[in-house]
Amino acid sequence: MRRTVGALLRKELLVELRTLESVPGMSLFAVTTFVVFHFALNRNVVEGDLAAGILWVTLLFAAILGVNRLFVADAEEGGFDGFLLAPVDRSAMLLAKALTLLIYLLVLELVAVPAFALLLLGPSLGHVLPGLVGVLALGDLGVAAIGTLVAALAVRTRARDLLGPLLALPLLVPIVIGGARASTPVLSMGHHAGPPSRWLLTLGLYDLVFGLIAYALFDFLLED
Amino acid sequence: MYGKGLRALSISTAAVMTAALGLVFFYAPLEAEQGFLQKIFYVHVPLAIVSLCGFVAGGIMAIQHLRTRDPAWDMRSYVAIHMSLIFGVGTLITGSIWAKGSWGHWWVWNEPTLVSFLIVFLLYATYQPLRFAIEDPERQARYASVFAITAGAFVPLNFIAVRMSTAYVHPRVLGATSNLPGPMALTFVVALAGIALLYTTLFRYELTAKHARAQLRALRRRLAGDDALVSVSRRGRSAAPTTLHPAAMMTARGAGRDGL
Amino acid sequence: MPALEVEGLARHYGERKALSGVSLSLQRGRTLVVFGPNGAGKTTLLRVLATLLRPQGGSVRVLGSRLPEESWAVRGRLGLLGHEPLLYRELTARENLRFHARLHGVADERVGELLELVAMDRRSREPLKTLSRGMVQRVALARAVLHDPELLLLDEPYANLDPAAVELVAPLIGVCSGRTRVICSHDPTGGLAEADLVLGLRAGRQVLLRPAADVARAEIAELYR
């Protein structure tokens, strides 16, 4: 299993490095969106719940870009059959794809969060980062699990670019809720509070439930 | 098999709904703050409850479909979700009317039930487009089941998340069903029973209609030969599943004996 | 024990019967050639045998394992070469084959061996999208036999290959490879020459099943009428 996931992951990252289809687009999209927000809201500096909202919405939409492209190469180049013919556990593909998406999200955040701090955020990056890291990590896990499931569901349909986001956004709303609520005290000026634990718990629970659901249902999407 | 008991079900539904209407208009007391408009609560909340239960039921039926591979379960799952969507529209409309009457706005964000319902509705609204976008009927049914299970699990979790996020400052206007006085509680329960029966009846009706249509297709196919294109006078394409198990095609003769 | 035992296989696409009532038995080391017009169900049959499609009626045993319950047991022992090369165009031949080698638990050295056998080792470090169809087909072939399968499932394998390449790959997928083979073919002469058993399909139905020696070219041409 580990060997299979390793092989799949290696292949994913190799293809991404060759084509640079997902990560640069996601990151650029995030930075541009921050600029758009500046003009749309007519604000130079944001903090508190406004900052949390802008950050999470931007990350969410950038993530959707990555989700859309997650299985496209496999669907178009017969990669599914190649994998399905191998004597391996099919859940390995779910794990590998989710890990891939997770890595994309981490790289996205490495670009987007400093950009956000630079362009719009009131409190300094050094102060918000410790609290933010945990929230982002939990949010990323949920997005990875749900994003992979939804991407697999949408990729072999006719309107895949449309259905992917339509399916993913409602399912990701609780993560946005949890992430934004947890980030709000972290991103506030003045006293530096940590993220409230009940929201971290909610995020964790959501991640766990949908991780398990994705694991249970993924095989049904691959087979014919 | 499908058509049995429809008449009894319809009659009892009509009876209970009439009783409920009677109770709502003549028995339940007028609520102090909101007056007559509050009575829409007896329609809105049962619609919401039945609709959500229908979504979750659709998810459970989808689990059965994936476990047994029997297309009949997929048909049931589709009809359950379809019905719940319709009842869901009713929920949103009645909720909106109530909000307008109580708060002066057509939509309020401080009512977590309504808000989480909107999100659930937006999710399930993609169910039919999803089915529509997959040509292969077997894969369509399988993918739809995966969706139904995921969405079914989402319903309670989403409700919890939204509930937690709603500011506790505003009093919950629409929600408080726990401490209803006697007459209101009775009216509510009867209204709930009426809506639940209505759902069940409509569910059975639609399932019977779809089953009949599928058998008609199967019979036409047997007459026309296997390669013929069979249509059963439907305008355009539909997202609904149209076939039962192919084994049913062989037993189309048998169905005549069972009696539809 | 026969390599293939198929009894009353049925597979439908919605209401249309893609395959119905297909029954055959193939001994190990033998070659079955399947003829039939487009849409007859040849590819469907191949995909069912490859465990990619579930049989929806009848019974199928491949290399002793029942499908679909025991598909997992037989997957590593068969090789499929279909219309799609099942390779990633952005990656090189070497990277593609290494990936499949890891999936199948095959040693990396084998990749180098096979690339030489199909005469692709000189261009093995270029992305597949820069190669011609014939070259990609050769790499796809290497992929299909990388894990030394007992059963080969080939869908018009010689389609994109020039005569020199056909000779080149003969030891891998030809009669002398010693493997059990199922080949879908549109070439009556060539197909018949390779076959031990001939299956003719039309509209999903089995219309012809006889040892190759008893089948005349004309009968195969009839199928396409």
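# Exercises on a Predicted Model

C:Val62 is in contact with C:Ala3, C:Leu4, C:Leu49, C:Leu67, C:Val74, C:Leu78 and C:Leu151, when residues up to four places away in sequence are not counted. The model is a predicted one. The exercises below begin with the core to which this residue belongs.

## Exercise 1. The nonpolar cores

Determine how many residues the largest nonpolar core has, and which residues have the most contacts inside it.

Solution.

Step 1. The largest nonpolar core has 166 residues.

Step 2. Inside this core, C:Val62 and C:Val182 are the residues with the most contacts.

Step 3. The element that gives the most to this core is helix H6 of chain B, residues 137-165, with 14 residues.

Step 4. Another core, of 40 residues, lies apart from it; C:Val33, C:Val139, C:Ala140 and C:Ala195 are among its members.

## Exercise 2. The make-up of chain B

Describe chain B by its helices and strands, its buried residues and its exposed area.

Solution.

Step 1. Chain B has nine helices and zero strands. Along the sequence, the pattern reads α-α-α-α-α-α-α-α-α.

Step 2. Of the 260 residues in chain B, 49% are buried.

Step 3. Consider the contacts in chain B between residues at least 6 apart in sequence: 79% of these join residues at least 24 apart.

Step 4. The area that chain B exposes is about 12,300 Å², and 68% of it is supplied by carbon and sulfur atoms.

## Exercise 3. Two residues compared

Decide for C:Val6 and for B:Ala193 whether the residue is buried, partly exposed or exposed, and place each residue in its chain.

Solution.

Step 1. C:Val6 belongs to strand S1 of chain C, residues 4-13. Its relative accessible area is 3%. Buried means under 20%, so C:Val6 is buried.

Step 2. Neighbours within four places in sequence are set aside. C:Val6 then has contacts with C:Val22, C:Ser23, C:Leu24, C:Leu49, C:Ser59 and C:Val60.

Step 3. C:Val6 and C:Arg66 are 60 residues apart in sequence, and their C-alpha atoms are 9.9 Å apart in space.

Step 4. B:Ala193 lies in helix H7 of chain B, residues 182-224. Its relative accessible area is 34%. This value falls between the limits of 20% and 50%, so B:Ala193 is partly exposed.

Step 5. B:Ala193 and B:Met17 are 176 residues apart along the chain, while 8.2 Å separates their C-alpha atoms.

## Exercise 4. The cavities

Give the number of cavities of 30 Å³ or more, and describe the largest and the second largest.

Solution.

Step 1. A general principle comes first. A probe the size of a water molecule, rolled over the atoms, shows where empty space is left.

Step 2. The count is eight cavities of 30 Å³ or more.

Step 3. The largest cavity holds about 130 Å³ of space. It is lined by 14 residues, and those closest to its centre are A:Glu12, A:Val15, A:Arg69, A:Leu70 and A:Ala73.

Step 4. Helix H1 (2-19), helix H4 (72-76) and helix H6 (91-119) of chain A are the elements that give two or more residues to the lining of the largest cavity. The largest share, five residues, comes from H1(A). By class, this lining has five nonpolar, two polar and seven charged residues.

Step 5. The second largest cavity holds about 80 Å³ of space. Its lining includes A:Trp56, A:Leu59, A:Glu109 and A:Asp140. H3(A) gives the largest share of this lining, four residues.

Step 6. By class, the lining of the second largest cavity has nine nonpolar, no polar and two charged residues.

## Exercise 5. A pocket

State the volume of the second largest pocket, and identify the residues and elements that line it.

Solution.

Step 1. The volume of the second largest pocket is about 710 Å³.

Step 2. The lining has 29 residues; A:Asp81, A:Asp224, C:Thr43, C:Arg47 and C:Leu53 lie nearest the centre of the pocket.

Step 3. The elements that give two or more residues to this lining are H4 and helix H5 (79-84) of chain A, together with S1, strand S2 (16-26) and helix H1 (42-49) of chain C.

Step 4. H1(C) supplies the largest share of the lining of the second largest pocket, four residues.

Step 5. By class, the lining of this pocket has 10 nonpolar, six polar and 13 charged residues.

Key: Residues are numbered from 1 along each chain as its sequence is written. Chains are lettered from A and ligands numbered from 1 in the order in which they are written. This is a predicted model: local features need pLDDT of at least 70, side-chain atom pairs count only at pLDDT 80 or more; totals for chains, interfaces and linings use all residues. Side-chain values use heavy atoms; hydrogens and water are left out. A nonpolar core is a set of buried Ala, Val, Leu, Ile, Met, Phe, Trp, Tyr and Cys residues joined through side-chain atoms within 4.5 Å. Buried means under 20% relative accessible area, exposed over 50%, partly exposed in between (1.4 Å probe, protein chains only). Contact means heavy atoms within 4.5 Å. Accessible areas come from the Shrake-Rupley method with a 1.4 Å probe; for residues, only the protein chains shown count as cover. On a 1 Å grid over the protein atoms alone, a cavity is a set of points where a 1.4 Å probe fits but cannot get out, and a pocket is an open set with protein on both sides within 12 Å along at least five of seven lines; lining residues have an atom within 4 Å of a point. Grid points are joined across faces, edges and corners, and a volume is the space filled by probe spheres set on the points. Ala, Val, Leu, Ile, Met, Phe, Trp, Tyr, Cys and Pro count as nonpolar, Asp, Glu, Lys and Arg as charged, and the others, Gly among them, as polar.
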